[in-house]
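Let us walk through this structure together, one part after another. Please keep the sequence and the 3D view open as you read.

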Amino acid sequence: MKTPKIRAGERVAPRQQHNWDWRAASNFIAGGAGGGLLAFAAFASLWGTDVRALLVAGMALIGAGLTSVWFEIGKPWRALNVYRHATTSWMTREAAVAPFVFGCGVLALLTGQLLFVLLTGVFGACFVYAQARMLAAHKGIPAWRHPRCLPLVAATGFAEGASLLAVAAPFVIPQVAGQIAVAVCALVLLLVRVLLWRNYLRGLRTDGAPIGSLRALSAIDGQFLKIGNLLPAALLLVGVLGAPLAGAALVLAAVAAVAGGWWVKYTLVRRAAFTQGFALPHLPVRGRAPRVRA
């Protein structure tokens, strides 16, 4: 079969990246939710509650994300080379934060000391931030490098963590005031996520992002707003007001909020990741330019 000829203009059109597949996306999906959960588990510990189960769940999510991206590498043991670029790579910084997350988490589980619980939460938040900076550092992908992408990715990780904690709050936080505070935090973060999402899309359109990126993100816009944010926000209100079936409402709210965040991150990493591309108003011509006579 004859290979079709590629015209010069087609070589510089925006292309969808395929270096990061679903395994890389899984790191952002699970790792962001895990880091957010650890941060809010530390917040819940201020009420003197036992959050060890939440710490285990948060570390398990981060571990699952890191394991998935580890299997993406052709020679997995080369992953240790990531630690060689701490001053220049946010991927290295993410990998450097992970041992502190697990180290402090294990100490918190063994000793039950509040200090180690709080440190685990701090490092969990740092893990979420490092992941957001990893995307922003890829200057060749307009949808990632846009300055409004970083706060969106960070906010969705924390919104997922707060939503997961809202489900567990009735079991781990005996004080009603603490349960309400957690649900309100989750509600506020969902509203913040909506604002950041709309602001992000507006910025991409204004700055002329690749059509493929805009199509992929616009395709999930309506459902993400309704099912991923407004629905869980309404269900959280039901849970806060203590209406009948409040427990079921909190569970559904967490499922919708987390699924919405995971959907956005998967779309961002896999479907909206188009390179910049560039246009040539005049294609170069071989040969020497004709002499101009005076």
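From the N terminus on, the elements run α-α-α-α-α-α-α-α-α. That comes to nine helices and zero strands, where helices (H or I, at least four residues) and strands (E, at least two) are DSSP runs, numbered from the N terminus. What you see is a predicted model, in which local features need pLDDT of at least 70 and side-chain atom pairs count only at pLDDT 80 or more, while totals for chains, interfaces and linings use all residues. Residues are numbered from 1 along each chain as its sequence is written, and side-chain values use heavy atoms, with hydrogens and water left out.

Let us take the protein as a whole. Of its 294 residues, 46% are buried; buried means under 20% relative accessible area, exposed means over 50%, and partly exposed is in between (1.4 Å probe, protein chains only). The accessible surface comes to about 15700 Å², and 67% of that surface belongs to carbon and sulfur atoms. Such areas come from the Shrake-Rupley method with a 1.4 Å probe, and for residues only the protein chains shown count as cover. How much of the contacts with a separation of 6 or more comes from residues 24 or more positions apart? The share is 77%, with contact meaning heavy atoms within 4.5 Å.

Now to the way helices meet. Two packed helices are described by the angle between their axes and the distance between the axes. Here the axes are lines fitted to C-alpha atoms, for helices over the stretch in contact, and angles run from 0 to 180 degrees between N-to-C directions.

Start with helix H1 (residues 22-45) and helix H4 (residues 114-136), whose axes come within 8 Å and cross at roughly 150°. H1 and H4 are therefore roughly antiparallel to each other; angles over 145 degrees count that way, those under 35 as roughly parallel, 65 to 115 as roughly perpendicular and the rest as oblique. The crossing of H1 and H4 is left-handed, a word used if the near helix is turned anticlockwise from the far one by less than a right angle, with right-handed used if clockwise. On the H1 side, the contact includes Gly31, Gly32, Gly35 and Gly36, while H4 brings, among others, Gly121, Gly124, Ala125 and Phe127. By class, the residues of this contact divide into 12 nonpolar, 10 polar and no charged. In this count Ala, Val, Leu, Ile, Met, Phe, Trp, Tyr, Cys and Pro are nonpolar, Asp, Glu, Lys and Arg are charged, and the others, Gly among them, are polar.

While you are at H1, look for Ala24, which lies in this helix. With a relative accessibility of 4%, Ala24 counts as buried. Its C-alpha atom is 8.7 Å from that of Leu66, although the two are 42 residues apart along the chain.

A stop at helix H3 (residues 90-111) brings you to Arg93. Is this residue buried, partly exposed or exposed? At 25% relative accessibility, Arg93 counts as partly exposed. From Arg93 to Arg133 there are 40 residues in sequence and 9.7 Å in space, C-alpha to C-alpha.

Further along the chain, helix H6 (residues 149-172) packs with helix H7 (residues 176-206) at an angle of about 155°, their axes 8 Å apart. That makes H6 roughly antiparallel to H7, and this crossing is left-handed. The contact of H6 with H7 has 19 nonpolar, three polar and two charged residues.

Within H6 you will find Ser163, which counts as buried at 2% relative accessibility. Leaving aside its neighbours within four places in sequence, which residues does Ser163 contact? They are Ala186, Ala254 and Ala257. Ala168 is also found in H6 and, at 16% relative accessibility, counts as buried.

H7 also meets helix H9 (residues 246-271), and here the axes come within 12 Å and cross at roughly 25°. That makes H7 roughly parallel to H9. Leu190, Arg193, Trp197 and Tyr200 of H7 make the contact with Ala257, Gly260, Gly261, Val264 and Leu268 of H9. By class, this contact has six nonpolar, two polar and one charged residues.

Our last stop is helix H8 (residues 211-240), home to Arg215. At 63% relative accessibility, Arg215 counts as exposed.
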